[in-house]
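Got your viewer open? Let's take a walk through this one, one selection at a time.

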Amino acid sequence: MNSEQLLASIDDEYCLSFLARMVQHKSYSATDGERRLAEYMASQMQALGLETQLQPVPGDRLNAIGTLPGVGGGGNSLLFNGHLDTNPVTEGWTVDPWEGKIDDEFIYGIGVSNMKAGDAAYFCALKTLIDAGVKLKGDVILTYVVGELQGGVGTIAAIEQGIKADYFINSEPTDVQALTMHAGSLMFTIELTGDTRHLSKREEAVDAIVAAIDLIPQINAMTFTGAETADHLKINRGHIGSIHGALGRELQDWRPPQVADFVRLKGSARFAPGQTVDGVLVDIQNLLDALCVKYPGLQAELIDDGKRDRPTMLPFEVSSESPIVKAVGRAYRQIRGEDQPTGVITPPAFYGTDAAHFYQMLGMEGIVCGPGGKFNTMPDERVHIRDFLDIVRIYLLAILEICQPVEA
């Protein structure tokens with residue numbers, strides 16, 4: 001079969017029903033449901049004839065890995081990467097988040113955008129090739145990992161257990177755009193300690209809340225030193241997402257006539273390749289030092305949460321000239337008849353993905369490109385059916401170009 005015949009052989013109804021079955025698994029992070037979905041994906045890959053393993057991940061969790069070995073020599077290997085764990089259901093849903101509802105335009109469900117649509121798409125792309133009897137020169141590796149929402153612990157475990165390839169596609173939601181750079185993510189805590197007084201002697205106090213109110217907009221407006229280009233600077237951002245202020249480290253709030261002497265802020269920073277966690281922390285610390293000068297008696301402590309809670313999600317970058325970027329771009333043009341939006345695309349460039357681990361730990365070239373994104377992490381999470389089916393086709397063509405079919 002030529003590529004057009006292979007594209008025509010894709011079973012759209014099967015692809016949608018397979019995705020719906022994935023949505024129907026309640027795979028919250030580190031739950032029995034997450035394990036059951038990993039086991040389900042392993043069984044489905046085994047039924048395709050892939051070399052399949054359930055791979056241990058710290059915390060008694062499992063990755064599902066499947067490999068279609070290449071035959072005949074030549075061709076490059078291609079790894080697909082996606083996570084099975086999802087965010088929790090929030091208030092405001094008008095459809096059943098576990099049904100996998102399909103209407104004329106969308107498929108709905110918790111995790112369908114982040115990121116079960118991408119997961120299902122690369123399974124269906126490879127299944128189409130296998131069902132058509134296509135033999136490939138290079139290996140195709142399907143990785144279904146857990147713990148992306150905890151900093152990528154599943155992908156790190158997979159890499160440490162020997163998973164690698166020449167190129168990769170990470171299927172996080174980008175609305176089918178080609179993301180060639182994304183930020184690294186740093187979580188931090190700032191603790192401000194002042195000096196309390198009764199409101200009658202407020203002038204003698206060091207008010208931690210007043211200092212925090214001064215600090216927050218400065219952090220939210222931050223960029224960081226060491227950005228190499230304007231594109232790198234574009235994905236610099238600081239943000240404070242949590243503030244608690246009251247009396248003492250236990251944040252006693254029953255005595256409002258007193259000036260608050262303690263504030264705990266939790267925030268996140270985004271930084272580009274070439275910038276470092278240490279550099280970002282130095283820039284934030286410089287702000288805190290200036291704040292303590294402005295408010296004499298104030299003490300400020302900066303804590304890197306990544307050192308105590310979970311891995312830091314580092315930045316990712318690939319050249320727009322990389323063979324994998326070119327292959328996905330050519331596939332996109334064949335399917336949609338126009339050039340694929342490619343580069344440092346926001347908001348996806350502010351997200352963290354497991355692409356960073358393949359890039360940082362193995363030096364692999366890859367791309368982040370998947371369906372969904374526009375309706376991500378919101379009530380009635382959904383994915384355009386057209387985007388989902390188009391990415392199945394794009395992945396199929398990318399496999400053919402990177403891995404190379406064996407000529408009959």
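Before the first stop, a word on how elements get their names: helices and strands here are DSSP runs, with helices (H or I) of at least four residues and strands (E) of at least two, numbered from the N terminus. Keep in mind that this is a predicted model.

Start by selecting residues 181-295. UniProt, in an unreviewed entry, places the feature "domain: Peptidase M20 dimerisation" there. The span is 31% helix and 28% strand, and the C-alpha atoms at its ends lie 39 Å apart.

Next, bring up the sheet. In what order do its four strands run? Going across, you pass 10-11-9-12, in an open sheet with antiparallel pairing. Strand 10 (237-246) and strand 12 (299-304) are the edges, each pairing on one side only. From one strand to the next, the twist averages 20°.

Zoom in on strand 9 (residues 184-193) and strand 11 (residues 262-271). These two pair in the antiparallel sense over ten bridges. For a handy landmark, click Leu-186: its bridge partner in strand 11 is Ala-269.

Now add the helices that sit on this sheet. Helix 6 (residues 208-220) packs on it and touches strand 9, strand 10 and strand 11. The direction of helix 6 makes about 170° with that of strand 10. Helix 8 (residues 277-294) also packs on the sheet, touching strand 9, strand 11 and strand 12. Compare its direction with that of strand 12 and you get about 165°.

Time to move on to another pair of helices. Select helix 2 (residues 12-23) together with helix 11 (residues 385-403): their axes are 11 Å apart and they pack at an angle of about 110°. Angles of 65 to 115 degrees count as roughly perpendicular, so helix 2 and helix 11 are roughly perpendicular to each other. Show side chains and look at who meets whom: Asp-12, Cys-15, Leu-16 and Leu-19 come from helix 2, while helix 11 brings Ile-385, Phe-388, Leu-389, Val-392 and Arg-393. By type, the residues of this contact are seven nonpolar, two charged and no polar.

Last stop: helix 10 (residues 355-362). Which of its residues are buried? Pick out Ala-355, Ala-356, His-357 and Phe-358. Now turn on what covers them, including strand 3 (78-83), helix 5 (153-160), strand 6 (167-170), strand 8 (181-182), strand 13 (316-317) and strand 15 (365-368). Finally, step just past helix 10 to Gly-363, where phi is positive, near 70°.

Methods: Residues numbered from 1 in each chain as written. Predicted model: local features only at pLDDT ≥ 70, side-chain atom pairs only at ≥ 80, totals over all residues. Heavy atoms only, no water. UniProt positions renumbered as here; feature names shortened; annotations may be inferred. Axes fitted to C-alpha atoms, helices over the stretch in contact; angles between N-to-C directions. Parallel < 35°, antiparallel > 145°, perpendicular 65-115°, else oblique. Contact = heavy atoms within 4.5 Å. Nonpolar A, V, L, I, M, F, W, Y, C, P; charged D, E, K, R; others polar. Buried < 20%, exposed > 50% of the residue type's maximum accessible area, 1.4 Å probe, protein only. Pairing = 2+ DSSP bridges.
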